[in-house]
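Let's take a friendly walk through one protein model and see how some of its side chains sit together. Have the structure open as you read.

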Amino acid sequence: MAKTQDMTAMLKDVMGAFPVDTASMEDAFKTATSLNEKLSTVAIDAAEKSTEISSKWTKETLAKLTDMSKAKTEPADYAKAMTDFASSYAEVTAEHMAAFAEVAKSVQMETVELMMAAGKDISEDTSKAVKKATGDMTAAAKKAATAK
């Protein structure tokens, strides 16, 4: 009777001959988590700055509305108050939109810097992993060839 080969044992031998280095995967994971942490910090800082700008803008608008809504003695004073409010609101709007633009510009610059640094780190990690894997595979192939 013919004996069937034990495929499990054969697969185990093949996997043992070609070791897998998990350190390169750990390095890649550390690089990715570090990048995510830095990107999260950039996003949270931008959200804080945007919230501060919005809050300041709201407070200034409410203060100007309070001035505008005060009772006036002459009907013409209401028109003047409305005109003053519209004029100052347009000015404040331009200032706050410029502040939002600065936050966006800062986020963009920081993100590009982080992505370029991460790309360099990932490239270096990949290069190291490929060199090590090539060396391991070559050594395993030589060992397997000499064992025959």
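## Rings, bridges and a charged patch

Tyr89 is partly exposed, with a relative accessible area of 31%. Keep in mind that this is a predicted model. So who does Tyr89 pair up with?

A search through the whole structure turns up three aromatic pairs. In one of them, Trp57 and Tyr89 sit 6.4 Å apart, centre to centre, with 35 degrees between their planes, and the pair is tilted. Trp57 belongs to helix H2 and Tyr89 to helix H3, so this pair ties together parts that are 32 residues apart in sequence.

Is Trp57 buried or exposed? Trp57 counts as buried, because its relative accessibility is 15% and the cut-off for buried is under 20%.

Trp57 also pairs with Phe100: the ring centres are 6.3 Å apart and the planes meet at 50 degrees, so this pair is tilted. Here, too, distant parts of the chain are linked, with Trp57 in helix H2 and Phe100 in helix H3, 43 residues apart. Phe100 itself is partly exposed, at 23% relative accessible area. Put the ring pairs together and you get a cluster of Trp57, Phe85, Tyr89 and Phe100.

Now for the charges. How many salt bridges are there? The count comes to two, and here they are:

| Salt bridge | N to O distance |
|---|---|
| Lys70 and Asp67 | 3.8 Å |
| Lys80 and Asp84 | 2.9 Å |

Lys70 counts as partly exposed, at 47% relative accessibility. Its partner Asp67 is also given as partly exposed, at 47%. As for the other bridge, Lys80 and Asp84 both lie in helix H3, four residues apart, which is about one turn of the helix. Asp84 is partly exposed as well, with a relative accessibility of 41%.

Last stop: the surface. Which residues form the negative surface patch? They are Asp45, Glu48, Glu52, Glu110 and Glu113. Helix H2 (22-69) and helix H3 (75-147) each supply at least two residues of this patch, and H2 gives the most, with three. You'll find Asp45 in helix H2. Asp45 is partly exposed, with a relative accessible area of 34%. That fits its place in the patch, because patch residues need over 30% relative accessible area.

If you want a thread to follow on screen, try the two helices: H2 and H3 both hold rings of the tilted Trp57 and Tyr89 pair, and both also give residues to the negative patch.

Conventions:
Residues are numbered from 1 along each chain as its sequence is written. This is a predicted model: local features need pLDDT of at least 70, side-chain atom pairs count only at pLDDT 80 or more; totals for chains, interfaces and linings use all residues. Side-chain values use heavy atoms; hydrogens and water are left out. Patches are made of residues with over 30% relative accessible area and no salt bridge: like charges are joined within 9 Å, nonpolar side chains (Val, Leu, Ile, Met, Phe, Trp, Tyr) within 5 Å. Accessible areas come from the Shrake-Rupley method with a 1.4 Å probe; for residues, only the protein chains shown count as cover. A salt bridge is a side-chain nitrogen of Lys or Arg within 4 Å of a carboxyl oxygen of Asp or Glu. Lys and Arg count as positive and Asp and Glu as negative; His and the chain ends are not counted. The place of a charge is taken as NZ of Lys, CZ of Arg, CG of Asp or CD of Glu. Buried means under 20% relative accessible area, exposed over 50%, partly exposed in between (1.4 Å probe, protein chains only). Rings of Phe, Tyr and Trp (its six-membered ring) pair if their centres lie within 6.5 Å; planes under 30 degrees apart count as stacked, over 60 as edge-to-face and the rest as tilted.
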